[in-house]
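Got your viewer open? Load the model and keep the selection panel handy while we walk around.

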Amino acid sequence: MRSEPVVQVRSLVKRYGTRTAVDGLDLEARPGVTAVLGPNGAGKTTTVETCEGYRRPDSGTVRVLGLDPVAQGDELRPRIGVMLQSGGVYSGARADEMLRHIAALHAHPLDVDALIERLGLGSCGRTGYRRLSGGQQQRLALAMAVVGRPELVFLDEPTAGLDPQARRATWDLVRDLRADGVSVILTTHHMDEAERLADDVAVIDAGRVIAQGSPEELCRGGAENTLRFTGRPGLDVESLLRALPPGSSAAESAPGSYRVDGLVDPQLLATVTSWCAQHGVMPDRISVERHTLEDVFLELTGKELRS
Ligand SMILES: Nc1ncnc2c1ncn2[C@@H]1O[C@H](COP(=O)(O)OP(=O)(O)O)[C@@H](O)[C@H]1O
Ligand SMILES: [Mg+2]
């Protein structure tokens, strides 16, 4: 079933002076969790802030829940939750007061105490915002984005700089939102975060989407995988290679350790094991390595994701 997109970006261009931050970006996000994955400076924040109505496109169109975020901002704002990368929290008000205030503005807010507990903010509920640590401020910003139980939440690098425990709590919260039917657009430069959380990933680089799909599709789609097996040293790799489909490669990477690179599918696995049978080879171990989103990014751009 194809449902209506929650976010639809077409040919978006956004410049800062002479610098083009977003360069003809197309993105369609469906209900669920969409990760916008890309290195620093790729244009993630600019794109998300345009969707939130904070920036006006230089050209192209943006629709969020079917609405124009600038022209129909008044209608859109109550339906979305926003966590800015900069934190974007004002005042020196107390953390718990700020959350309760926002909750009171919404018809069906989350339980504030449970949320505070959930995000490990219990100890700082009564502390003023400015005196919270960076990680606490970030978790509070996340809580503020979700407490109104919006239909769609934008989270800009929600786990950047968090310790592993707070990172995990954030992931759990995103999973809960999803289970609750809330759609989430999150930006990240951690491919493991995208792989774990997202139904769909848009890989962006230099202001454009260079690949989009589920983590499985992206890691499989055209991308090469590796099959490894161990057997006796000195097997005839040339003969193995002749049995494999075009585009594959085979090598003895260390004595008795073999690797086959190519489109590793059940057919290729069968070809390798049948070649082994014909040559009286009993592999001690066979493994298939799925490529990660990091590998995919490297293959697409020739660059490391973590710059
Ligand atoms: N306010 C700004 N003024 C000038 N340049 C900016 C501004 N914000 C972002 N940029 C530039 O635009 C590009 C994209 O930035 P950004 O959208 O923040 O990327 P990301 O969130 O992926 O790191 C970068 O080259 C960045 O330096
Ligand atoms: Mg950013």
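What follows is a short tour, from the whole chain to a pocket and then to a pair of helices.

**Stop 1: the whole chain**

Before you trust any side chain, remember that this is a predicted model. Show the protein chain as a cartoon and you should be able to count 11 helices and 13 strands. Switch to the C-alpha trace, which spans about 75 × 45 × 40 Å along its principal axes. The chain has 307 residues, and 49% of them are buried. Now think about contacts between residues at least 6 apart in sequence: 66% of these join residues at least 24 apart.

**Stop 2: the second largest pocket**

Next, select Gly41, Gly43, Lys44, Thr45 and Thr46. Of the 14 residues lining the second largest pocket, these are the closest to its centre. The pocket itself has a volume of about 180 Å³.

Which element gives the largest share of the lining? Colour α1 and you have it: four of the lining residues come from there. Colour β2 (19-29) as well, since β2 and α1 (44-51) each supply at least two residues of the lining. If you're thinking about probe chemistry, the lining divides into three nonpolar, six polar and five charged residues.

**Stop 3: along α1**

Stay on α1 and turn on a surface. How many of its residues are buried? Eight of eight, so to speak a mostly covered helix. Among them are Lys44, Thr45 and Thr46, the very names you selected around the pocket centre. Further along the helix, Val48, Glu49 and Cys51 are buried too. Then step just past the end of α1 to glycine 53, where phi is positive, at about 90°.

**Stop 4: α5 against α6**

Now hide the rest and select residues 134-146, helix α5, together with residues 164-179, helix α6. Their axes lie 12 Å apart and the packing angle is about 5°. Angles under 35 degrees count as roughly parallel, and α5 and α6 are therefore roughly parallel to each other.

Show sticks for the contact. On the α5 side pick Arg139, Leu142 and Val146; on the α6 side, Ala166, Thr170, Leu173 and Leu177. Colour these by class and you get five nonpolar residues, one polar and one charged. Wondering about the spacing of those picks? An α-helix has 3.6 residues a turn, so residues three or four places apart point the same way.

Notes:
Residues numbered from 1 in each chain as written. Chains lettered and ligands numbered in written order. Predicted model: local features only at pLDDT ≥ 70, side-chain atom pairs only at ≥ 80, totals over all residues. Heavy atoms only, no water. Axes fitted to C-alpha atoms, helices over the stretch in contact; angles between N-to-C directions. Parallel < 35°, antiparallel > 145°, perpendicular 65-115°, else oblique. Contact = heavy atoms within 4.5 Å. Nonpolar A, V, L, I, M, F, W, Y, C, P; charged D, E, K, R; others polar. 1 Å grid on protein atoms, 1.4 Å probe; cavity = no way out; pocket = protein on both sides within 12 Å on 5 of 7 lines; lining within 4 Å. Points joined across faces, edges and corners; volume = space filled by probe spheres on them. Buried < 20%, exposed > 50% of the residue type's maximum accessible area, 1.4 Å probe, protein only.
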